[in-house]
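Open your viewer and get ready to select a few things one after another. At each stop, you will read what to pick and what is there.

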Amino acid sequence: MRLSRREWTIAAGLILAFLVPLTVTLLLTGSEAASPKPQAKAAPVAMHRLVLPINTDDPTTMRALISTALNLPKYYQERNEAFTIEVVAYNAGVHMLRADTSPVKDMLRILRTVNSNIRFVVCDATKLGMERQEGRPVTLIDGVDIVPSGPGRIIELQEAGWSYIRS
């Protein structure tokens, strides 16, 4: 059976009607369709950072701060999320980190053994004022760092995205 010229023209038109849109679609999306879809990146482990200020020599307030510093890391550890704390002492709070006046020295030692991601800092301006007033050097508990300004350090940490909880 032979096809007439008219049947050939109709067949060619139908083929072109199908192939032209298909070709245009493939040309416009070809590189995207040919490449594999990007793999979803693993979500980065959340890093939680907390600054805890202490500006009073009240042992009850410091024990509340220590309780926070003990319990929050457990919460985030259960969620497999990193957590770090910086305790900033200024004004009367420096007494909490002094070797001669701290009523919570032993608790701080325990806290350090339980939570290695904790840093204690003391306001140098307050420390120098205490030294002038007492007429002798102020000795801090081992491992305590000094910053020029306690409140200034808190502001810097908050501006860098750290959370702030007041005890």
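Start by selecting strands β3 and β4: these two pair in the parallel sense over 3 bridges. Keep in mind as you look around that this is a predicted model. Within the pair, zoom in on V122, which stands opposite I146 in β4. Now add helix α4 to your selection, and you have a right-handed β-α-β unit made of β3, α4 and β4.

Next, look at the other partner of your strand. Select strand β2 (residues 82-89), which pairs with β3 in the parallel sense over 5 bridges. Here V87 stands opposite F120 in β3. Follow the chain from β2 through α3 to β3, and you trace a β-α-β crossover that is right-handed.

Is β3 enclosed or open? Of its 6 residues, 5 are buried, so β3 is largely enclosed by the rest of the structure.

Now for the charged side chains. Select R119 and D145, which form a salt bridge whose closest N and O atoms are 2.9 Å apart. This pair links distant parts of the chain, since R119 sits in strand β3 (residues 118-123) and D145 in strand β4 (residues 145-147), 26 residues apart. R119 is partly exposed at 29% relative accessibility, and D145 is partly exposed with a relative accessible area of 32%.

Which residues join R119 and D145 in a network of salt bridges? Add E86, R153 and E156 to your selection to see the linked group.

Move on to helix α3 (residues 105-114) and pick R109 and D106. Their side chains meet in a salt bridge, 2.8 Å from N to O. The two residues are 3 apart in the helix, so about one helical turn separates them. R109 is exposed, with a relative accessible area of 52%.

For the next stop, select E131 in helix α4 (residues 124-134). Is E131 buried or exposed? Its relative accessibility is 16%, and buried means under 20%, so E131 counts as buried. Leaving aside residues up to four places away in sequence, E131 touches R136, P137 and V138.

One of those contacts, R136, leads to the last stop. Select R136 together with E134: their side chains meet in a salt bridge, 3.3 Å from N to O. E134 is partly exposed with a relative accessible area of 32%, and R136 is partly exposed at 40% relative accessibility.

To finish, zoom out: a search of the whole structure finds 11 salt bridges.

Methods: Residues are numbered from 1 along each chain as its sequence is written. This is a predicted model: local features need pLDDT of at least 70, side-chain atom pairs count only at pLDDT 80 or more; totals for chains, interfaces and linings use all residues. Side-chain values use heavy atoms; hydrogens and water are left out. A salt bridge is a side-chain nitrogen of Lys or Arg within 4 Å of a carboxyl oxygen of Asp or Glu. Helices (H or I, at least four residues) and strands (E, at least two) are DSSP runs, numbered from the N terminus. Buried means under 20% relative accessible area, exposed over 50%, partly exposed in between (1.4 Å probe, protein chains only). Contact means heavy atoms within 4.5 Å. Two strands pair if DSSP finds at least two bridges between them. A crossover is right-handed if, with the strands pointing away from the viewer, the path from the first strand over the helix to the second runs clockwise.
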